[in-house]
Amino acid sequence: MTPSDSPQNAALAALASVYAIAFANMDQGFCLLEKVDTSPNQPSDFRYLTVNPAFEKHTGLDNVTGKTILDVVPQAEQDTMAIYDQVALTGQSTHFQTYVGQLDLWMEARVYQLNQQPPQLAVLFNNITEWKKAQRQQSFLLALSDSLRPLTDPVTIQTIAAQQLLAELRAGWVYYISLATDSDTISALEGVSTEEPVPLLLGTGISRFGKAFLADYTNNGTVRYGDTQAEPSFTEQDRQAFRMIRAGALIAVPLVKVDKLIALLSVASPTPRVWTQQEVDLVKQVAERTWIALERARAEEALRKSEAAFRIIAQAAPALVWVCSALGEIIYFNQRWYDYTGQTEEQASGHGWITTMHPADAARILPYWQRCQRTGDSYEGEVRYQRHDGVYRWHLFRALPRRNSAGQIEAWYGLSIDTDDAKQAQEGLRKASRQKDEFLAMLAHELRNPMAAIHSGLAILSLTLVDEIPRSTVDMMSRQTAHLVRMVDDLLDVNRISQGKIELKTERANLVDLVQQAQHSLKALFEQQGKVLGVSLPTAPIEVDGDATRLTQVVINLLTNGLRYTGEGGQVRVSLMQEDNEAILQVRDNGIGLAEDQLEAIFELFVQVDNSLARSKGGLGLGLTLVKQLVGMHGGRVEAQSEGVGRGSTFTVRLPTLAAAPQPLAPPAQQAPDSGTPRRILVIDDNADAAMTLGMLLKLKGYESHTRTSGRSGLEAAEALQPAVILLDIGMPDLDGFASCRLIREQSWGGAVVVIALSGYGQQEDRQQTKEAGFDGHLVKPVDVEELLNMLTDLLGKDQTGTESA
Ligand code: ADP
């Protein structure tokens with residue numbers, strides 16, 4: 001048996017083949033080296049005696065057996081060679097990491113001495129290139145984030161990130177390409193290039209790189225081309241486009257926001273290049289981090305801008321502007337605040353500003369302010385602040401809270417405007433308006449007394465005159481006086497309505513009747529002027545909840561306007577109909593008409609249209625104001641229409657109707673003709689003319705009349721004469737109507753006598769007052785003869801009326 005045939009040898013051979021299998025299949029690279037003899041001034045070198053397949057796989061080197069390290073890796077790192085030398089010399093095995101630049105290989109190696117002479121080494125290594133690169137990228141990204149964090153300018157952020165990525169990947173250029181809203185047009189371009197800038201032009205479209213490019217980034221999210229000139233999906237035109245921008249190889253990462261491509265981060269190298277997955281991932285990571293930094297910078301920039309804008313507005317505002325925290329502490333006042341109040345920043349800080357508020361207002365406002373702070377309701381009102389000269393002036397203020405994303409109040413923004421001058425002017429106007437109202441009311445009231453006398457005097461004349469000429473003159477004067485009375489009444493009415501002093505006496509009123517009454521009372525007037533009054537009324541009643549007197553007044557005002565504002569051959573037509581729940585009253589005329597811009601204005605107080613015919617008709621511009629106010633009080637509305645000046649006008653009144661309630665109205669009781677014995681009437685009025693004319697009028701109507709001009713003399717006369725009726729003026733010096741009436745009622749004979757008040761006031765409350773003072777009736781001056789006679793008939797009973805004497 002030869003030694004090689006011994007069982008030990010067989011076992012060794014078997015072991016060797018096991019090792020051979022292990023070396024052939026393990027993932028670690030292995031090589032057996034023998035030191036080459038070199039002269040001392042030459043670099044050390046080692047010869048490969050054997051290598052395993054993993055060695056070839058990791059290093060990319062083939063057929064190295066028999067060659068030296070410097071043969072196959074001429075730029076081998078000197079440090080590594082020194083380590084090998086050391087192990088060969090000392091026999092001490094070692095462990096190290098090294099980068100083999102020429103092979104782009106990171107290895108973690110163990111070196112053992114196998115033989116001392118000739119010196120032989122075993123090298124066992126792991127390929128840690130991937131891991132090393134990942135680590136490197138990680139630190140690159142950390143460094144990138146660190147350098148972007150303090151940056152606030154979006155352009156700088158993009159430029160710095162591009163520079164770092166360019167260096168890391170050793171690429172040709174890196175650009176951030178921002179796109180317009182069409183997701184195609186390049187709207188901004190920031191980045192770096194190793195050569196001259198890339199001819200990617202602002203305003204051009206990225207679609208010129210072809211459909212395949214578009215499809216790639218749309219489908220894959222990222223684009224990676226190792227060789228754009230060899231891309232099978234590209235057309236020649238596409239390739240040309242990539243050549244133009246010196247992109248032999250390209251990575252492009254799109255940024256999509258709300259389904260819209262808004263930017264691309266692109267990295268290119270001028271020549272073809274194999275992009276590793278790691279590199280693609282790195283570009284993605286850089287894109288992500290840069291975009292985060294950009295968004296932050298943009299948000300900060302927007303905030304800075306809005307902050308700056310707020311401060312400019314706050315400084316420019318002609319108001320005191322302030323911002324305070326949710327606790328009420330002042331954060332900001334504009335300069336105007338300090339100038340206005342004379343406070344220093346220190347004095348105003350915290351709650352110091354409150355000392356400028358008027359103490360009475362502070363007591364009122366502060367609890368309200370605290371409530372708003374709790375509820376977040378807008379805080380607004382009026383308050384007085386003390387100006388630097390010590391004067392308190394009124395301000396209008398308003399503040400709103402700013403809330404954070406959780407809905408909590410972070411701060412309050414407010415401003416206060418000095419409204420003191422306006423407030424005083426407003427107060428002045430209000431006072432002037434009040435004085436005007438009071439004056440008009442007083443004027444109208446005072447005009448009633450002389451008018452009462454004239455009115456009664458004319459009534460006497462017209463009853464006594466028989467000659468035609470003086471009679472027609474008196475008639476004319478009566479008409480003019482009636483007109484005067486109406487104007488004064490209108491003036492009083494408007495005045496009362498605008499002061500809210502008129503109350504409607506509403507009842508179920510039939511508009512058909514009211515229009516008929518109005519027609520009746522104006523018939524003669526229309527005939528006198530040779531004008532036509534046409535009426536078209538429904539047969540069924542149209543009922544409203546209204547004040548019959550006031551509604552008749554509305555119709556009469558509209559009809560008299562029709563009469564006044566039509567020329568020769570004037571026609572006025574009034575029609576009434578019901579539409580759903582509305583009564584529609586229309587007064588149409590063929591008169592002077594109205595211009596477009598006058599249609600609304602004519603309803604305003606004292607407004608008269610400046611148009612020669614209208615002007616020549618006089619008037620105070622009250623009639624339509626009254627119509628509008630009265631219709632409004634009835635829940636209705638009125639409007640004017642006209643096709644223009646000279647083309648007639650139409651006034652339409654709409655009133656809410658009541659549901660029909662068929663209740664036949666009893667015919668009014670027929671008044672008994674005057675008959676019976678004359679009755680004694682005493683007129684007491686301090687206006688001697690008024691007393692005298694009224695007395696004469698009563699005489700003409702068959703009564704025995706006596707007059708007195710003061711309360712005292714009136715009382716004495718009453719005692720002596722024991723009249724059936726006393727007509728007693730309310731407004732008299734020394735003993736007025738109320739006091740006189742009370743005294744009369746205290747007399748033994750005074751309980752039965754009929755006492756009627758003569759008053760300038762005819763409101764509900766005035767009537768109520770006279771009633772409560774013991775009067776039996778209430779007449780408003782100037783006394784309407786018909787009304788007086790009717791009242792006498794009512795109060796005395798038909799048997800006891802005066803007898804007609806003329
Ligand atoms: P007054 O008639 O007293 O002036 P009104 O208030 O009744 O006051 O009318 C206001 C103005 O409206 C009138 O001055 C007149 O110019 C115009 N007006 C009123 N009614 C008519 C109408 N039927 N046709 C044309 N203009 C009218």
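Arg387 and Asp389 form a salt bridge in which the closest N and O atoms are 2.7 Å apart. The structure is a predicted model, and a search of the whole of it finds 34 salt bridges. Neither end of this pair is buried: Arg387 is partly exposed, with a relative accessible area of 23%, and Asp389 is partly exposed as well, with 42%.

**Salt bridges around Arg393**

Arg393 takes part in salt bridges with Asp420 and with Asp421. In the pair with Asp420 the closest N and O atoms are 3.8 Å apart. Asp420 lies in helix α13 (residues 420-464) and Arg393 in strand β14 (residues 392-403), so this salt bridge ties together parts that are 27 residues apart in sequence. Asp420 and Arg393 are both buried.

The salt bridge between Asp421 and Arg393 has an N to O distance of 3.0 Å. Asp421 is also in helix α13, so its pairing with Arg393 in strand β14 links parts 28 residues apart in sequence. Here the two ends differ in exposure. Asp421 has a relative accessible area of 53%, and because buried means under 20% and exposed over 50%, Asp421 counts as exposed. Arg393, with 11%, counts as buried. Through shared partners, salt bridges join Arg393, Asp418, Asp420 and Asp421 into one network.

**A buried acid without a salt bridge**

Asp238 lies in helix α8 (residues 236-244). What is the nearest side chain of opposite charge to Asp238? That side chain belongs to Arg239 and is 7.5 Å away; Asp238 is buried and has no salt bridge. The side chain of Asp238 does reach the backbone nitrogen of Thr235, at 3.0 Å.

**Surroundings of the ligand**

The ligand has 20 residues around it, and the nearest of them are Asn561, Tyr565, Asp589, Gln608 and Leu624. By class, this shell holds eleven nonpolar, seven polar and two charged residues. Helix α16 (548-564), helix α18 (623-633) and strand β22 (649-656) each supply at least two residues of the shell.

Three polar contacts of the ligand are listed here.

| Residue | Protein atom | Ligand atom | Distance |
|---|---|---|---|
| Arg564 | side-chain N or O | oxygen | 3.0 Å |
| Leu624 | backbone N or O | oxygen | 2.8 Å |
| Ser649 | polar side-chain atom | nitrogen | 3.1 Å |

How much of the ligand does the protein bury? Taken alone, the ligand exposes 530 Å², and the protein buries 98% of that.

**Backbone features in loops**

The peptide bond from Gln117 to Pro118 is cis, with omega near -5 degrees. Pro118 sits in the loop between β4 (105-115) and β5 (120-127). Another cis peptide bond, with omega about -5 degrees, joins Lys781 and Pro782. The loop that holds Pro782 runs between β27 (777-780) and α23 (785-796).

Arg170 is not a glycine, yet its phi is positive, about 45 degrees. Its place is the loop between α6 (154-169) and β6 (173-179). With a relative accessibility of 72%, Arg170 counts as exposed.

Gln722, again a residue other than glycine, has a positive phi near 50 degrees. This residue lies in the loop between α20 (711-721) and β25 (725-729). Gln722 is partly exposed, with a relative accessible area of 41%.

How values were computed. Residues are numbered from 1 along each chain as its sequence is written. This is a predicted model: local features need pLDDT of at least 70, side-chain atom pairs count only at pLDDT 80 or more; totals for chains, interfaces and linings use all residues. Side-chain values use heavy atoms; hydrogens and water are left out. A residue is near a molecule or strand if one of its heavy atoms lies within 4 Å of it. A polar contact is a pair of N or O atoms within 3.5 Å; within protein, one must be able to donate a hydrogen and the other to accept it, and residues adjacent in sequence count only if both atoms are side-chain atoms. Accessible areas come from the Shrake-Rupley method with a 1.4 Å probe; for residues, only the protein chains shown count as cover. Helices (H or I, at least four residues) and strands (E, at least two) are DSSP runs, numbered from the N terminus. Ala, Val, Leu, Ile, Met, Phe, Trp, Tyr, Cys and Pro count as nonpolar, Asp, Glu, Lys and Arg as charged, and the others, Gly among them, as polar. Buried means under 20% relative accessible area, exposed over 50%, partly exposed in between (1.4 Å probe, protein chains only). Lys and Arg count as positive and Asp and Glu as negative; His and the chain ends are not counted. A salt bridge is a side-chain nitrogen of Lys or Arg within 4 Å of a carboxyl oxygen of Asp or Glu.
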